[in-house]
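Biologist: Could you take me through one part of this model closely, the place where the two chains meet? I would love a connected account that I can follow on screen.

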Number of protein chains: 2
Amino acid sequence: MDDLHYTFNEILGLEKFYRRNLINCVSGFKSANLVATKSLAGTCNVAIFSSAVHIGADPPLQGLIFRPDSVDRHTLENIRATKFYTINHVSSAMIEKAHQTSARYPKNQSEFEACGLKEQYIENFHAPFVQGSPLKLGMELADEVPVTLNGTYLIIGKVQHLIVNESFVSQDGFIDLAKAGSCVVSGLDAYHSTQKLARFSYAKPEKPLEQL
Amino acid sequence: MDDLHYTFNEILGLEKFYRRNLINCVSGFKSANLVATKSLAGTCNVAIFSSAVHIGADPPLQGLIFRPDSVDRHTLENIRATKFYTINHVSSAMIEKAHQTSARYPKNQSEFEACGLKEQYIENFHAPFVQGSPLKLGMELADEVPVTLNGTYLIIGKVQHLIVNESFVSQDGFIDLAKAGSCVVSGLDAYHSTQKLARFSYAKPEKPLEQL
């Protein structure tokens, strides 16, 4: 079949739901994460995010893009109020419950209960983790960068806690996420598992790559 | 085996390469994209990026995180000077060439030639696309958002051209990236293919999900 070729103006003219599905696919696969918080009043919140982005390793910083008018708004309110949140990888076994967290629940209802997920706590850390998640990050808000172009926010946090089973961590720090079962999302609603093709050595000009 | 649990201070104390591998894995899988530019002097540049993030669908906006002191610096210089760049999905067949683009080539050398990749052009668009890529975006710089916390930049572009084979696009706009062969990266160097598990319906409270 032929290539589809849409220009900017043609994309703007597409039917709304078609455009939303299409444009949410074009950046490529995205990590599937559950972001969990607890309000000052004590209500827990958990919501699926596919907008995690690596910001830096030293110090360890992770970013998330938030749309304040979306179902994620309780998560953002809780992060602003309490400064703490968790990022939890979604495993293949959790995809249905994880997707259900994207429903528009009332503010005083915990998505943990509504979606059949279980909270897990560590000492002296306000936000709940998601039990059964293969890799869990305890985050502290470090900066909120406004994206004025469309009213979104890049929320950046410091990794205060990193919890992962040691069986997935190699001697050089690499974490085998395929083995851990971490999933990826395409678009708004398609969940995928992964299979490792290759790990390559650090690339240098005029030097052939080696498989690690 | 037991869980590893690292705190922020423990992460700061880790050996540098171990920390870099570890922290680059914690956000989960990332899309593998080749970002291509052409300098005002006419030299092409192509570099692999795993920091693409969806910013919005209306208008269609995509973001990329740049570290200006890294090997990506020629790409950023060209984007600033010409305003145009392309984002090209990496397929399974291209992972070795794509990884080789991360080598530190001199500014006047084209990574296309050095790495065995081929340029492809469309009319009236300055930047080259990567031949054979399953999904190609022609981008125009829209905003540059500084992340003052660690000196990185969120570069946001408008999707001026979207090119993908129509056999991968569903009636509702969803693009089957697993079928298209788009890859994901874990950490700095591990390439993976994907396999679809499920597509779920739009989630609503008290309504069971359906598989699409």
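Modeller: Happy to! Start at Ile163(A), which stands opposite His5(B) in β1(B). That pair belongs to a strand pairing that crosses from one chain to the other: strand β11 (residues 152-165) of chain A and strand β1 (residues 3-7) of chain B run antiparallel, with five bridges between them. Please keep in mind that everything here comes from a predicted model. The predictor gives the complex an ipTM of 0.96 and a pTM of 0.97. For chain A the average pLDDT is 96, and 99% of the residues score at least 70.

From that pairing, let us widen the view to the whole interface. On the side of chain B, 107 residues are in contact with 107 residues of chain A. The two chains bury about 9,300 Å² between them, and carbon and sulfur atoms give 63% of that area. Within chain B, Phe8(B), Phe29(B) and Phe200(B) lose the most area to chain A, and together they account for 8% of what that side buries.

The polar part of the interface is worth your time too. Across it there are 48 residue pairs in polar contact, with both partners at pLDDT 80 or more. Strand β11 (residues 152-165) of chain B supplies the largest share of the chain B side that touches chain A, namely eleven residues. Sorted by class, that side of chain B has 54 nonpolar, 35 polar and 18 charged residues.

Now for the charged pairs. Four salt bridges are counted between chain B and chain A, while the structure holds twelve over all chains. One of the links between the chains is formed by Arg19(A) and Asp58(B), whose side chains meet at 3.2 Å, N to O. Arg19(A) sits in helix α2 (residues 16-25) of chain A, and Asp58(B) is in the loop between β5 (52-57) and β6 (60-66) of chain B, so this salt bridge joins two chains. There is also a salt bridge between Arg19(B) and Asp58(A), where the closest N and O atoms are 3.2 Å apart.

While you have those aspartates on screen, look at the peptide bonds that follow them. Asp58(A) is joined to Pro59(A) by a cis peptide bond, with omega about 5°. Pro59(A) lies in the loop between β5 (52-57) and β6 (60-66) of chain A. In chain B, the peptide bond from Asp58(B) to Pro59(B) is cis, with omega near 0°, and Pro59(B) is found in the loop between β5 and β6 of chain B. Another backbone detail in chain B is Asn124(B), which has a positive phi of about 60° although it is not a glycine. Asn124(B) is placed in the loop between β8 (119-120) and β9 (129-130) of chain B.

Let me finish with a sheet that takes strands from both chains. This open sheet has six strands, paired antiparallel in the order β2(A)-β12(A)-β13(A)-β13(B)-β12(B)-β2(B). At its edges stand β2 (30-31) of chain A and β2 (30-31) of chain B, each with a single partner strand, so one side of each is left without a neighbour in the sheet. In chain A, β2(A) runs antiparallel to strand β12 (residues 184-186), and two bridges join them. To find that pairing on screen, go to Ser31(A): its bridge partner in β12(A) is Val184(A).

How values were computed: Residues are numbered from 1 along each chain as its sequence is written. Chains are lettered from A and ligands numbered from 1 in the order in which they are written. Side-chain values use heavy atoms; hydrogens and water are left out. Contact means heavy atoms within 4.5 Å. Buried area is the accessible area (1.4 Å probe) that two parts lose on being put together, summed over both. A polar contact is a pair of N or O atoms within 3.5 Å; within protein, one must be able to donate a hydrogen and the other to accept it, and residues adjacent in sequence count only if both atoms are side-chain atoms. Helices (H or I, at least four residues) and strands (E, at least two) are DSSP runs, numbered from the N terminus. Ala, Val, Leu, Ile, Met, Phe, Trp, Tyr, Cys and Pro count as nonpolar, Asp, Glu, Lys and Arg as charged, and the others, Gly among them, as polar. Two strands pair if DSSP finds at least two bridges between them. pLDDT is the predictor's confidence in each residue, from 0 to 100.
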